Amino acid sequence: MATTSCFSVCGMCTVRCPIQVDVDGDEVMFIQGNPHSPLKGALCARGGAGPGLVKDSDRIRHPLIREGERGEGRWRKATWEEAYAHVAEKLKGVVETYGPNAVLWSDRSGPFVDMYKAFMKGIGSVNYSNHDVSCARNVHHAAQSVTGYGRTDFVYDFKNAKHVILQTRNIFEAINVAEVNNLLDGMADGCKLTVIDIRATITAGKAHRFFQIRPGTDYAFNLAVINELVEKNLYDSKYVKKYISNFDALKSFIGEYTPEWAETVTGVKVKELRAFVAELAKAKSAVIWHPGWMAARYQDSFYVARTAYIINALLGSIGSKGGLAIGAKPADCGRKGLKALADLFPKPEGKRADGVGWKHTHFDAGPGLLHLAFKAIESGDPYPVKAYFACRHDPMQAMPDPDAQKRIFANLDLLVAITFSWSATAWNADVVLPMSPYLERESIIASKGGLKPQFFVRQRAVAPRYDSKADWEILAGLARAMGMEKLAFDSIEDIWSYQLQDTGVSVQDFDAKGFVSLADKPIYHDRDKLKFKTPSGTIEIISEKLEKGGVPSLKPFEDKETPQGDQFRITFGRCGVHTQGHTMNNPILHEQMPVNVLWINSQRAGELGIADGDLVQVAGNNGYSGKIKAFVTDFIHPEAVFMIHGFDDGVPAETRARGKGVADHRLMVGGLEKWDPAGGGIAMQEHFVTVRKV
Ligand SMILES: Nc1nc2c(c(=O)[nH]1)N[C@H]1C(S)=C(S)[C@@H](COP(=O)(O)OP(=O)(O)OC[C@H]3O[C@@H](n4cnc5c(=O)[nH]c(N)nc54)[C@H](O)[C@@H]3O)O[C@H]1N2
Ligand SMILES: Nc1nc2c(c(=O)[nH]1)N[C@H]1C(S)=C(S)[C@@H](COP(=O)(O)OP(=O)(O)OC[C@H]3O[C@@H](n4cnc5c(=O)[nH]c(N)nc54)[C@H](O)[C@@H]3O)O[C@H]1N2
Ligand code: SF4
Ligand SMILES: [Mo]
């Protein structure tokens, strides 16, 4: 029988759902969605598998300092004081010799990163970065270029939508529990769902319309949709007149991109596209054309997302109920936000190593672009980068071509991994600092914008089993060793008090529900008085920032190469029971799905003599290959093969997952060099692989 329960925050993926954890002594008995939140008790399968992290026999149990060569797996067990002193000594050496900007940091981003930013500011380095070049950077930059707002400033108001379009977005398998619930509620109320994907996902199975598009041609599809909306006057003319600048430029650009033209590129029939657009027009402005999430796929993914925002604008759905509502912030509720830990230190001086903000002026300077920081490690240009912290981030699996990364990291004097589980980066690091899994640690307080903005916090459900620590403790320990006393907090309560000091909220206010709502009811911006954050205050078809950076606002479509013979375009994504690369070795989730399979089109498979269930070899052009079973189906486009990301990361310490499945990222040779120059995201699907029956 569970004796106590506490409110906390799920850490099994980046969504961070609010949870309630039932605990008996040091045992986690049950986890459910926080009943006070919109989750109403619901949780996804991965959220239920949290206890697997706590009990994982492969856990890193104490700090480790490397003894052999990088990646050799020879470690010295260290105390925390030894580990802090070791890192501090190396770090001080780097800073003295090369200056503070020789230190690079990347993390998983999200709501709990304020202390990480503070740490980097304390060191005096401008080179704070995150994982987003391998995820949503293209979407973020697209949002900014059209509206001035960032990607996460918008709330998808699924509950009130009349038509939702998911393009490169598999919402019922790549899960955000609240969004899934809201969309299902909306659909129960009559909302239509259209899915545009290269294969029939579970989401496609629930859709009213499904377009199995030719891989990499979504930009062409979107241009044809705009053409149809504009040529047939199906857009929201009042909204367009009031809010969109340079509409005439769009009108003349779009002329040649007819549905007839698009059919030859995308394979989507003219008649179907027209019927679809007519439906959209009827549903305006309660339409959500999802701009995508994992959009680090192609060299034109930025324009796919950009045209998605433009379509939303043409339908009048940006800033509308049932559309892309603009999320409220504490200030919109007449409240002060959390006091930033990053404010403890002055702004560091100098240019970013990744060139963002000075060489590449059209990107958001925030976290910059990590693959370009890697270039600086390799070349020493614009200056040497010699120490790298990967915190809750596994670039050697999350970014392409780990062999290339190994060569690049050979230039580093110090590589530190802060992580709860083994990862390829930790395995190849100099120092591994084990973080307690989320059920064993507290977090700093976080702020969440939205229709009802809130503050929320992660509570520790059980005590750490081994010699691991919360991230705030690790950073405070490193800060103390570096002489950064301001960040050397002694307790989480001291941090919480610091953060809450101007907010009128007390630590005790979190006891009742685990979060503190700053508004009683949803806040919608007045649709007649929208202000966009672009220089003109309007929705901009022509972005001066882009043009100045040498990037066209309206880019002509360039077609993609078609793979022939035994070659296929590599495509990848998520499934309901795994998160990225870090659950394949989770004892509970490993059992659910120990290995990935290769989706391959029936006709192409037939030509290669491959039947459903056959073992096939998938190979890149670097010698890496792997063998998995073929899943032969009509429901994937003939040009592509698809696999779930996260398998075979090459880490011997993962006793359950090692050697199982095929790694998409290891098939992307030279992948750090392929990226979208307009949006900054890595272009991970601009690679072909060969498939043959074993
Ligand atoms: N080839 C290919 N590459 C991809 C993708 C793909 O599909 N294919 N997907 C991309 C996407 S969408 C993303 S977001 C990135 C993700 O890439 P990462 O951000 O690297 O992803 P994770 O595997 O979630 O986390 C990396 C490490 O952080 C630690 N970690 C993660 N979350 C927590 C946490 O809450 N607490 C603690 N203590 N540690 C944590 C784990 O130990 C894990 O090893 O990868 C991208 N890269
Ligand atoms: N279960 C689970 N949920 C998650 C995560 C997880 O790891 N596991 N991770 C979270 C994170 S960090 C992210 S970023 C999101 C990602 O959420 P999504 O972006 O929705 O997830 P993916 O599965 O990467 O990709 C979505 C779909 O894109 C399709 N696709 C591939 N190429 C093309 C193309 O050229 N055109 C079109 N139209 N479609 C294409 C794939 O077939 C796939 O079904 O999920 C989040 N939620
Ligand atoms: S979507 Fe699932 S794994 Fe992700 S935070 Fe929510 S419950 Fe946890
Ligand atoms: Mo992601």
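## A buried histidine

Histidine 590 counts as buried because its relative accessibility is 12%, and the cut-off for that label is under 20%. This value, like the others in this report, was computed from a predicted model.

Histidine 590 belongs to helix α21, which runs over residues 587-592. When residues up to four places away in sequence are left out, histidine 590 touches His578, Thr583, Met584, Arg656, Ala657 and Lys660. One of these contacts of histidine 590, His578, is also listed among the closest residues to ligand 2.

## The surroundings of ligand 2

Ligand 2 is surrounded by 32 residues, of which the closest are Asp197, Asp218, Arg297, His578 and Gln580. Sorted by class, this shell consists of 12 nonpolar, 11 polar and nine charged residues. Both domain 3 (158-322) and domain 4 (567-693) supply residues to the shell around ligand 2, with at least three coming from each.

## Polar atoms beside the ligand

Which parts of the protein place a polar atom 2.7 Å from an oxygen atom of ligand 2? In aspartate 197, an N or O atom of the side chain lies 2.7 Å from an oxygen atom of the ligand, and in arginine 297 a polar side-chain atom is likewise 2.7 Å from an oxygen atom of ligand 2. For arginine 574, by contrast, a polar atom of the backbone lies 2.7 Å from an oxygen atom of ligand 2. Taken on its own, ligand 2 has 920 Å² of accessible area, and the protein covers 100% of that area.

Note on methods:
Residues numbered from 1 in each chain as written. Chains lettered and ligands numbered in written order. Predicted model: local features only at pLDDT ≥ 70, side-chain atom pairs only at ≥ 80, totals over all residues. Heavy atoms only, no water. Near = heavy atom within 4 Å. Polar contact = N/O pair within 3.5 Å; in protein donor to acceptor, adjacent residues only side chain to side chain. Areas by Shrake-Rupley, 256 points an atom, 1.4 Å probe, with all protein chains shown as cover. Nonpolar A, V, L, I, M, F, W, Y, C, P; charged D, E, K, R; others polar. Domains from an automatic or database assignment. Helix = DSSP H or I, 4+ residues; strand = E, 2+ residues; numbered from the N terminus. Buried < 20%, exposed > 50% of the residue type's maximum accessible area, 1.4 Å probe, protein only. Contact = heavy atoms within 4.5 Å.
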